[in-house]
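Please work through the exercises below with the sequence and the model side by side. Each task is followed by a solution in steps.

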Amino acid sequence: MLRTLLTSTAIATALLGSAQAQTANEVLDTYADIAEANYGDSLEAVRALEKAVTALIKSPSAESMSAARDAWLQARVPYQQTEVFRFGNPIVDDWEGKVNAWPLDEGLIDYVDGLYGGPTDANQFAALNVIANPSFSLSGKEIDATEITPDLLENILHEADGIEANVATGYHAIEFLLWGQDLNGHGDGAGSRPWTDYAQNEDCTNGNCERRADYLMAATDLLSSDLEWITAQWAKDGEARATITADEQAGLTAILTGMGSLSYGETAGERMRLGLMLNDPEEEHSCFADNTHNDHYYNGVGIRSVYLGNYVRTDGTTVSGASLSDLVANIDPELDREMRTRLAEAVLALGRIKTAAESGFAYDEMLARGDEGGEALIMGGVDGLINQTRSIERVVTALDLGGIEIEGSDSLDNPSAVFQ
């Protein structure tokens, strides 16, 4: 039975085409169910990270540092799949900046290599090193940072002075505190922060070990509470679920906007093509841990999961239901086959990057100028993402949703501007 909120002629035609066809509202319900499960998995993974960080701080050692790093890497797997819920959902976009913002001026947080430089006209706080400085001046006001708390990180330090590069919270701040800077350039190896940076006695290296531990704990606790909040927004009585299911056409538009924007401007452009054009290892999304290959791969998996209405949870169970694929197949089976093929090809291309990196050819090595093999791998992923975006645009047309605003990138749309 058709719901009265259906306004698209194309969608209505699809629903009439098969007794087994799903309604658009059921598609939106599946989308919300996947979001709730995916953010829930991210929350559980960060809770495991909290335990590992607590163990590191309580008993610093090479083993507890390695365990905390492993927990961070595992936490990235579900979270990167949630990025498909960005761009189309304002509640996610308003929240996401404090959770996964990058790149960051890490000198805001802790000590950095001497070649990193100091304050600049663009950012006076680029080398603040709040871990070493329990007080500082911000906008003419003296800030007491004697106690490093989640409130200090979130409400004072994060984006201090209105500068986006002053990232004080989220996954990448924690990543820096666990790995330290990657000073290898295009050479082999990630960051190598010593575990003794958390030793609470004469073994302490680089000073301020207790404050560094306080910062790491505060940032991890804050990330956990942030993920708890966003998971609740997708629950049965959550605001995000209510918003996405309130209007079927607007809801489908939001889904496809998120898919297209993550695929095109964000991942293919800002995270992949731009770094290759600049041959800059600092353009890696997870540059401290050399985990960028996984970031890209799981972005692709997340996009595919939303279209197919099928998410594989961390514990191996599946959340699935009515999907965009169902709607498209009832309107244009050939377009649905095309979309499925493009999604599979993109994940396969991103998987080649992942496999190469896990075999010893790190992503920052792929970015080196003149490395033809690395360029081919990265551009294979870029091309796969662009191709699937073009199919996403055709899906929008087929569903008669009107135009959607897909995030762009100068690296794809106006390459000459990158070097101006």
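The exercises treat backbone geometry, helix packing, nonpolar cores and single residues in turn.

**Conventions**

The model is predicted, so local features need pLDDT of at least 70 and side-chain atom pairs count only at pLDDT 80 or more, while totals for chains, interfaces and linings use all residues. Residues are numbered from 1 along each chain as its sequence is written, and side-chain values use heavy atoms, with hydrogens and water left out.

**Exercise 1. Backbone geometry**

Task: Determine the geometry of the peptide bond from Trp102 to Pro103, and state the sign of phi at Phe87 and at Asn208.

Solution.
Step 1. Most residues other than glycine have a negative phi, and most peptide bonds are trans.
Step 2. The bond from Trp102 to Pro103 is cis, with omega near -10°. Pro103 belongs to the loop between helix H4 (90–100) and strand S1 (135–138); helices (H or I, at least four residues) and strands (E, at least two) are DSSP runs numbered from the N terminus.
Step 3. Phe87, although not a glycine, has a positive phi of about 75°. Phe87 is placed in the loop between helix H3 (62–82) and H4, and is buried at a relative accessible area of 18%. Here buried means under 20% relative accessible area, exposed over 50%, and partly exposed in between (1.4 Å probe, protein chains only).
Step 4. Asn208 also has a positive phi, near 60°. The residue sits in the loop between helix H6 (171–179) and helix H7 (209–233), and with 35% relative accessibility Asn208 is partly exposed.

**Exercise 2. Packing of H2 against H3**

Task: Describe how the axes of H2 and H3 cross, and classify the residues in the contact of H2 with H3.

Solution.
Step 1. The two axes come within 8 Å and cross at roughly 170°. Axes are lines fitted to C-alpha atoms, for helices over the stretch in contact, and angles run from 0 to 180 degrees between N-to-C directions.
Step 2. H2 is therefore roughly antiparallel to H3, a term for angles over 145 degrees.
Step 3. The crossing of H2 past H3 is left-handed, meaning that the near helix is turned anticlockwise from the far one by less than a right angle, whereas a clockwise turn is right-handed.
Step 4. Residues making the contact include Tyr39, Ala45 and Leu49 of H2 and Ala68, Trp72 and Tyr79 of H3, where contact means heavy atoms within 4.5 Å.
Step 5. By class, the contact of H2 with H3 has 16 nonpolar, six polar and one charged residues. Ala, Val, Leu, Ile, Met, Phe, Trp, Tyr, Cys and Pro count as nonpolar, Asp, Glu, Lys and Arg as charged, and the others, Gly among them, as polar.

**Exercise 3. Packing of H2 against H8**

Task: Give the angle and handedness for H2 (24–58) and H8.

Solution.
Step 1. H2 and H8 (residues 239–246) pack at about 160°, with axes 9 Å apart. That makes H2 roughly antiparallel to H8.
Step 2. The crossing of H2 and H8 is right-handed.
Step 3. Residues in H2 including Asp29, Asp33 and Glu36 meet Arg241, Ile244 and Thr245 in H8. The contact of H2 with H8 divides into four nonpolar, two polar and four charged residues.

**Exercise 4. Nonpolar cores**

Task: Identify the residues with the most contacts inside the largest nonpolar core.

Solution.
Step 1. A nonpolar core is a set of buried Ala, Val, Leu, Ile, Met, Phe, Trp, Tyr and Cys residues joined through side-chain atoms within 4.5 Å.
Step 2. The largest core has 95 residues, and those with the most contacts inside it are Tyr39, Tyr215, Leu227, Trp234 and Met259. H2 gives the most to this core, with 16 residues.
Step 3. A second, separate core of 24 residues includes Leu276, Val347, Leu350 and Leu412.

**Exercise 5. Two single residues**

Task: Is Arg212 buried or exposed, and which residue is 98 residues from Gly191 in sequence and 6.1 Å away in space?

Solution.
Step 1. Arg212 is found in helix H7 and is buried, at 0% relative accessibility.
Step 2. Beyond its neighbours within four places in sequence, Arg212 contacts residues including Asp110, Arg193 and Asp197.
Step 3. Gly191 lies in the loop between H6 and H7 and is buried at 9%. The residue sought is Ala289, with the distance taken from C-alpha to C-alpha.

Notes: Angles under 35 degrees count as roughly parallel, over 145 as roughly antiparallel, 65 to 115 as roughly perpendicular and the rest as oblique.
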